[in-house]
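This briefing goes with the sequence and the model displayed below. The points that follow the lead are grouped by topic.

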Amino acid sequence: MNRNEFVTICSDQLQFGHSANSGNSGMAKRRTHFPHTTPQQRKLLFETWEATGNVTLACRKAHVGR
């Protein structure tokens, strides 16, 4: 698969909030992708939270959103 085929396939899979003919002159809005947390992140999150009692610190350390 060459780059152009890849771009075409990826473009076909994107879902925008409106069609190109909807009259909206701005750029199409994309959804923000939030990857799933890994088991290691969840383990670190709960271990840190249990040790410190600080949710914000635990989330920061595990690299997850509060």
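**Helix α3 and its surroundings**

In helix α3, which spans residues 55–62, the buried residues are A58, C59 and A62. Viewed down the axis of α3, these buried residues fall within an arc of 95°, so they line one face of the helix. The model is a predicted one, and the protein has 3 helices and 0 strands, with the elements running α-α-α from the N terminus on.

**Overall make-up**

- Of the 66 residues of the protein, 9% count as buried.
- The protein exposes about 6300 Å² in total, and carbon and sulfur atoms supply 54% of that area.

**Cover and ends of α3**

- The cover over the buried residues of α3 includes helix α2, which runs over residues 39–52.
- At the N-terminal end of α3, N54 acts as a cap, with a side-chain oxygen lying 3.1 Å from the backbone nitrogen of T56.
- Just after α3, the chain reaches H63, which takes a positive phi of about 60°, and H63 has this value although it is not a glycine.
- H63 belongs to the segment after α3, and with a relative accessible area of 68% this histidine is exposed.

**Where α2 and α3 face each other**

- T48 has its place in helix α2 and is buried, its relative accessible area being 7%, which is under the 20% cut-off for burial.
- Once its neighbours within four places in sequence are left aside, T48 is in contact with G53, A58 and K61; of these residues, A58 is one of the buried residues of α3.
- Q40 also lies in helix α2, but Q40 is exposed, with a relative accessible area of 58%.
- Although Q40 and A62 are 22 residues apart along the chain, their C-alpha atoms are separated by 8.5 Å.
- R42, another residue found in helix α2, is partly exposed at a relative accessible area of 37%.
- Between R42 and C59, which are 17 residues apart in sequence, the distance in space is 9.3 Å from C-alpha to C-alpha.

**Side-chain to backbone contacts within α2**

- The side chain of T48 reaches the backbone oxygen of L44, at a distance of 2.8 Å.
- The backbone oxygen of T48 is in turn reached by the side chain of T52, at 2.8 Å.
- T52 is found in helix α2, where T52 is partly exposed, with a relative accessible area of 44%, whereas T48 is buried at 7%.
- An α-helix has 3.6 residues a turn, so residues three or four places apart point the same way.

**The salt bridge**

- How many salt bridges does the count come to? The count comes to 1 salt bridge, and K43 forms a salt bridge with E47, in which the closest N and O atoms are 3.8 Å apart.
- K43 and E47 are 4 residues apart in helix α2, so about one helical turn separates them.
- On the lysine side, K43 counts as exposed because its relative accessibility of 54% is over the 50% cut-off.
- On the glutamate side, E47 counts as partly exposed because its relative accessibility of 42% falls between the cut-offs of 20% and 50%.

**A nonpolar surface patch**

- Which residues form a nonpolar patch on the surface? The patch is formed by F46, W49 and V55, which together have about 280 Å² of accessible area.
- W49 is found in helix α2, and with a relative accessible area of 40% this tryptophan is partly exposed.
- V55 falls within the range 55–62 given for α3, and V55 belongs to the patch together with F46 and W49.

**Points to take from the model**

- The picture of α3 in this predicted model is of a helix whose buried residues A58, C59 and A62 line one face, with α2 included in what covers them.
- For α2, the residues described include T48, which is buried, T52 and W49, which are partly exposed, and Q40, which is exposed.
- Around α3, N54 caps the N-terminal end, while H63, with its positive phi, comes just after the helix.

Notes:
Residues numbered from 1 in each chain as written. Predicted model: local features only at pLDDT ≥ 70, side-chain atom pairs only at ≥ 80, totals over all residues. Heavy atoms only, no water. Buried < 20%, exposed > 50% of the residue type's maximum accessible area, 1.4 Å probe, protein only. Helix = DSSP H or I, 4+ residues; strand = E, 2+ residues; numbered from the N terminus. Arc of directions from axis to C-beta. Contact = heavy atoms within 4.5 Å. Polar contact = N/O pair within 3.5 Å; in protein donor to acceptor, adjacent residues only side chain to side chain. Patch = residues over 30% accessible without salt bridge, like charges linked within 9 Å, V, L, I, M, F, W, Y side chains within 5 Å. Areas by Shrake-Rupley, 256 points an atom, 1.4 Å probe, with all protein chains shown as cover. Salt bridge = Lys/Arg side-chain N within 4 Å of Asp/Glu carboxyl O.
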